[in-house]
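Hi everyone, thanks for coming. Please have a look at the structure on the screen, and then I'll walk you through some parts of it.

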Amino acid sequence: MVKVAVGQITPDTGMKNNNLEKMKRYTEEAVESGARLVVFPELALTGYNCGDEFFQVAEQIPGDATSFFEELASEHGVYIIWGMPEKSINGILYNAAALVGPEGYIGKWRKNTLPGHATDQAGPGAFPDRRYFKAGEDLPVFDTAIGKIGVLICYDIFFPELARMLTLKGADIIVGISGSPSFEKDIFEPIVKVRAMENTVNFVYTNLVGKEGNTEYWGGGCIIGAGDKETKVPGTPVICKAPYEGEGITVGELDIQKHNEIRPYFPVLRDLTTKMYERLGELHRKIT
């Protein structure tokens, strides 16, 4: 059993030092509760409403923020995941997440799917991805002392193909991090649970909370188990649920290898066929 902490914060836009200190404080609180893995939301380092300032506040990975969390992880023997804008070559940014652990920097993920929905419900800071970020293409799974971990960033969670790929690559835990506005709450909550159910995989989800500029976030992170062998129901139980309001840490205890028990009794992965993917590819080429 491994204790996992879902951290949700209201970021100070562009104020990296403030956000780092806040995440440090919550990491130390999580460690006091016995957590071995702490996850923070999408763009927690800077906030989502930076606008053109993204080009100034973005950092390389590894870089200064990574070093900050490396020291924290080494001191407390904990794994930490957080979202941040990543600087690549001049003028190229990614909406990214990084993972460090007691052994140091482990790796990064880049958001694969960039939203550009037409909406006026969440203010000017909502969904700026396509203006500022390049889409990532890799979906790494990193082998750690607590299990194999993969990450999806916000809109990535909407695409079952991405979660399925992480599962087939051996992920024991899929971590979903987001900066989801309040009007998306009824969209995200069922999708997160479905991703756990359809893959019989542990899912850890965290979201920004509170108000950043004109954008109101709904918090509501959770930890969902891979499934229950006795009832043969995948995507259960909901181990813990963060509140919809207020910053803080929510800790749940996760049996990382539980998926090995449920999969023989709910064999969705067994029943996949290559032909499904071939047909999907053929259809996609025709309609696009």
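Helices here are DSSP runs of H or I with at least four residues, and they are numbered from the N terminus. With that in hand, which helix gives the largest share of the nonpolar patch? That is helix 8, residues 274-287, which supplies three residues. Please keep in mind that this is a predicted model. The patch covers about 380 Å² of surface, and its members are Leu168, Met276, Tyr277 and Leu280. Leu168 sits in helix 5, residues 160-168. Is Leu168 buried or exposed? Its relative accessibility is 52%, and exposed means over 50%, so Leu168 counts as exposed.

Let's move on to the sheets, beginning with the one that contains strand 1. Six strands make up this open sheet, in the order 5-4-3-2-1-16, with mixed pairing. Strand 5 (104-110) and strand 16 (248-254) are at the edges; each has a single partner strand, so one side of each has no neighbour in the sheet. From one strand to the next, the twist averages 25°.

Look inside that sheet at strand 3, residues 79-87, and strand 4, residues 93-101: they run antiparallel and are joined by eight bridges. To find one on your screen, start at Ile80, whose bridge partner in strand 4 is Val100.

Helices lie across this sheet too. Helix 1, residues 16-32, crosses strand 1 (2-8), strand 2 (37-39), strand 3 and strand 16, and runs at about 35° to strand 16. Helix 3, residues 64-76, lies across strand 3, strand 4 and strand 5, at about 175° to strand 3.

Now for the other sheet I'd like to show you. Again six strands form an open sheet with mixed pairing, here in the order 6-7-8-9-12-15. Its edge strands, strand 6 (142-144) and strand 15 (238-241), each pair on one side only. The twist averages 20° from one strand to the next. Helix 5, the home of Leu168, packs on this sheet and touches strand 7 (147-153) and strand 8 (173-178), with its direction at about 165° to that of strand 7. Helix 6, residues 185-199, lies across strand 8, strand 9, strand 12 and strand 15, running at about 155° to strand 9. Strand 9 (residues 202-207) and strand 12 (residues 222-224) pair in the antiparallel sense over three bridges, and in strand 12 the bridge partner of Tyr205 is Cys222.

Last topic: charges. How many salt bridges does the structure hold? There are 13. One of them joins Glu59 to Lys16, with the closest N and O atoms 2.8 Å apart. Glu59 is in the loop between helix 2 (54-57) and helix 3, while Lys16 is in helix 1, so to speak a long-distance link: the two are 43 residues apart.

Another salt bridge is formed by the side chains of Lys111 and Glu42, at 2.8 Å from N to O. Lys111 is in the loop between strand 5 and helix 4 (129-132), and Glu42 is in the loop between strand 2 and helix 2, so this pair ties together parts 69 residues apart in sequence. Lys111 has 0% relative accessibility and counts as buried; Glu42, at 0%, counts as buried as well.

Finally, the side chains of Arg270 and Asp271 meet in a salt bridge at 2.7 Å, N to O. Arg270 is exposed, with a relative accessible area of 61%, and Asp271 is partly exposed, at 41%. Thanks for listening!

Definitions and conventions. Residues are numbered from 1 along each chain as its sequence is written. This is a predicted model: local features need pLDDT of at least 70, side-chain atom pairs count only at pLDDT 80 or more; totals for chains, interfaces and linings use all residues. Side-chain values use heavy atoms; hydrogens and water are left out. Patches are made of residues with over 30% relative accessible area and no salt bridge: like charges are joined within 9 Å, nonpolar side chains (Val, Leu, Ile, Met, Phe, Trp, Tyr) within 5 Å. Accessible areas come from the Shrake-Rupley method with a 1.4 Å probe; for residues, only the protein chains shown count as cover. A salt bridge is a side-chain nitrogen of Lys or Arg within 4 Å of a carboxyl oxygen of Asp or Glu. Buried means under 20% relative accessible area, exposed over 50%, partly exposed in between (1.4 Å probe, protein chains only). Two strands pair if DSSP finds at least two bridges between them. Axes are lines fitted to C-alpha atoms, for helices over the stretch in contact, and angles run from 0 to 180 degrees between N-to-C directions. Contact means heavy atoms within 4.5 Å.
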